[in-house]
There are 2 protein chains.
Amino acid sequence: MTKAIGYGVTSATAPLAPITFERRALRPDDVAIDIAYCGVCHSDAHQAHNDWGNTVYPCVPGHEIVGHVTAIGSSVKKFKVGDTVAVGCLVDSCMECAACHDGYEQGCEKGPVATYNGKDRHTGEITYGGYSNHIVVRDHFVCRVPEKLDIRYAAPLLCAGITCWTPLRQWNVGKGSKVGVVGLGGLGHMGVKLAAALGAEVTMITTTASKGEDARKLGARHVLLSTDQKAMAAAMNSFDFILNTIPVKHNANPYLMLLGRKGVMVIVGALEPLEPIHGGLLMRNTRAVAGSAIGGLPDTQELLDFCAEHNILPECEMISMQDINKAYERMEHNDVKYRFVIDMASLKA
Amino acid sequence: MTKAIGYGVTSATAPLAPITFERRALRPDDVAIDIAYCGVCHSDAHQAHNDWGNTVYPCVPGHEIVGHVTAIGSSVKKFKVGDTVAVGCLVDSCMECAACHDGYEQGCEKGPVATYNGKDRHTGEITYGGYSNHIVVRDHFVCRVPEKLDIRYAAPLLCAGITCWTPLRQWNVGKGSKVGVVGLGGLGHMGVKLAAALGAEVTMITTTASKGEDARKLGARHVLLSTDQKAMAAAMNSFDFILNTIPVKHNANPYLMLLGRKGVMVIVGALEPLEPIHGGLLMRNTRAVAGSAIGGLPDTQELLDFCAEHNILPECEMISMQDINKAYERMEHNDVKYRFVIDMASLKA
């Protein structure tokens, strides 16, 4: 066992504060990682505040992790000490079911183990995440960070990035695709960058003109103001794919109408019931509304490799671990472009 | 011009009654058809009663038409007098847009022309449907009825059949697919037959045990009672594809939960807003809800050929034209297994 230090919460109303805890001794297939950077995902705040009613305290959030290997278990072949690696939202799964076999570990039939607030498959202990100096993770759930990728900015790829990447790949977005991205936050800004890098013609669909201009800098070719009825009518039936990153209940029908023949809108943000979707809008143009959640390990590695090759990096605002409560507050007010990343060197300060 | 006789309505509250009207003189690409049989679709009643607010009176319904060619226009190459042919929900489209080029004439960008209550692209006159002894249709919108197909039962393929066929094909249902069919009416019974003939393992999903038994006779391997919470829970995540033929607003979430990884539910009945769909259910298993409406001409011909080859025929109750008002009443009470077909010989009686 190794003593780890980090930041965690002890109740739904407590602020994040320093915490000391144990990381498990290495199992044969484990990799020990010194964490260099950890991204701050909106779900970290939800989990810390017990918004989903399932938080076990103390809770150490963080599932956008990059760092360096400090030790490996006896059977680990894929990594060696010193390697730059990354860990996302998953740290274990059964590895035996069809989903795991297909590299869709997030859908493990026995339930995957979340990076924090998950339950260790062997001991039943609660997992602690990346707001910490150190983590121990089963090798299959560790990705290689290509040398070309600037590790200071790579962390948000592990959740915000892969959440957008999985549906873009599933629905074959590429050269010639007309893609709309709805919502410009941590997810949306990666959606714009990744879709553009895949060769798609990207339109930012937003209520806010200034966000449109921001999206252009990230790679959007067009801006469509969803409050502009004329522009929305003119854009009807014109999109192949819409990435809908709105994180709350909303009326998706106006976006549905934008889809052309066999067009697909993928929901990656709203975990709750949507406003009633109109069956007739689905039938017209044989449209579809799909969902997608994070991604499997092969896709995550593919994303990291793609981003290295195409020099795609999330837009990050670097913070110290000590700034985390302030960062949560600002995140609550959408005051971040587009992802906070904790520099773990600050933990030792 | 040719005098035609048939049955139509003159107001939203009038019963169907004998009507005489003109069919246009043949254009060069027209085919004149003596109608032998015409299926009775639920939308015929909706249109007759102006349920959608767009009915122009007099209205002669009917878009499941089979008959024989009696004359052809000067440029028609595909058909000759005496051929057995079929006409579905469409009688014209622009034939120039991308949708038409792709055989998706139902999505013609300039608007396809419906078989009845449509507007002729040349004269602007209202189209009259198949409750009639005779019809004139542009050759592209006429399908060949294979010799092996019993024309007495073929008519419902032209709407009920193709409405199910299009999504089954779009989503690659075939050998090994686990398919659920929700609702056992004109559409649902064709969904069961066609999915089974494509090699899928079909489950009838219904609230009514007796319908389940009926579905077994049509080719369903299993029955799932949607009122049986335990059975529904046990079937979670197990379907690849669900054909949802429920024709009214409903809660589709319990069916969504049945879909496995990348499973798709296609709505072919409910033209109205569905109950709120849960975003989290879509994200889990990367499920999708799609829509589909009738089908294009290439798909319709493919369906007729497939049904001839596999000896698939709708279950029909033959009626006389004079029985149509009674048939509408019975249809309103779901008292039909599974489609009324009008024998047009009765018109001359």
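This tour proceeds from the two copies and their contact to the shared sheet, and then to the helices and strands of chain B.

The model is predicted: local features need pLDDT of at least 70, side-chain atom pairs count only at pLDDT 80 or more, and totals for chains, interfaces and linings use all residues. Residues are numbered from 1 along each chain as its sequence is written, while chains are lettered from A and ligands numbered from 1 in the order in which they are written.

**Stop 1: the two copies**

Select chains A and B. Two copies of a chain are related by a rotation about an axis and a shift along it. Here a turn of 180° with a shift of 0.0 Å along the axis lays chain A on chain B with an RMSD of 0.0 Å; the superposition is by least squares on the C-alpha atoms of residues with pLDDT of at least 70 in both copies. The copies are thus related as by a two-fold rotation axis. To locate the axis from chain A, centre on A:P276, whose C-alpha is the nearest to the axis in that chain, at 2.2 Å.

**Stop 2: the interface**

Next, display the residues in contact between the chains (C-beta atoms, placed from the backbone, within 7 Å). Chain A contributes 29 residues and chain B contributes 29 residues. On the side of chain A that touches chain B, β14 (259-267), α9 (279-283) and β15 (288-291) each supply at least two residues. Helices (H or I, at least four residues) and strands (E, at least two) are DSSP runs, numbered from the N terminus. By class, that side of chain A comprises 15 nonpolar, 9 polar and 5 charged residues. Ala, Val, Leu, Ile, Met, Phe, Trp, Tyr, Cys and Pro count as nonpolar, Asp, Glu, Lys and Arg as charged, and the others, Gly among them, as polar. The copies meet through the same surface, because 100% of the interface residues of chain A are also interface residues in chain B.

**Stop 3: the sheet across the interface**

Select β15 in both chains. β15(A) pairs with β15(B), residues 288-291, in the antiparallel sense over 3 bridges; pairing requires that DSSP find at least two bridges between two strands. A:A288 lies opposite B:A290 of β15(B).

Extend the selection outwards to the open sheet of 12 strands, ordered β12(A)-β11(A)-β10(A)-β13(A)-β14(A)-β15(A)-β15(B)-β14(B)-β13(B)-β10(B)-β11(B)-β12(B), with mixed pairing. Its edge strands are β12 (222-225) of chain A and β12 (222-225) of chain B, each of which pairs on one side only. On average, neighbouring strands of this sheet are turned by 20° against each other, direction ignored.

At the chain A edge, β11(A), residues 201-206, runs parallel to β12(A) and is joined to it by 4 bridges. Here A:M204 stands opposite A:V223. Now add helix α5 of chain A (residues 186-197), which packs on the sheet and touches β10 (178-182), β11 and β13 (239-244) of chain A; the helix direction makes about 170° with that of β10(A). Axes are lines fitted to C-alpha atoms, for helices over the stretch in contact, and angles run from 0 to 180 degrees between N-to-C directions.

**Stop 4: helix α4 of chain B**

Move to α4(B), residues 160-170, and α5(B), residues 186-197: their axes are 8 Å apart and the packing angle is about 50°. The two helices are therefore oblique to each other; angles under 35 degrees count as roughly parallel, over 145 as roughly antiparallel, 65 to 115 as roughly perpendicular and the rest as oblique. The contact includes B:W165 and B:L168 of α4(B), and B:M190 and B:L194 of α5(B). Its residues divide into 8 nonpolar, 4 polar and no charged.

Add α10(B), residues 297-310, whose axis comes within 10 Å of that of α4(B) and crosses it at roughly 100°. That makes α4(B) roughly perpendicular to α10(B). Among the residues that meet here are B:W165 and B:R169 of α4(B), and B:D299 and B:L303 of α10(B). This contact has 3 nonpolar, 3 polar and 2 charged residues.

**Stop 5: the β3 to β9 strands of chain B**

Finally, select β3(B), residues 30-40, which pairs antiparallel with β4(B), residues 65-72, over 7 bridges. B:A32 has B:A71 as its bridge partner in β4(B). β4(B) also runs antiparallel to β5(B), residues 84-87, joined by 4 bridges. In that pairing B:V66 is opposite B:A86, and B:G67 has B:V85 as its bridge partner. From β5(B), 2 bridges lead to the antiparallel β9(B), residues 143-144, where the bridge partner of B:A86 is B:C143.

Conventions. Two residues are in contact if their C-beta atoms, placed from the backbone, lie within 7 Å.
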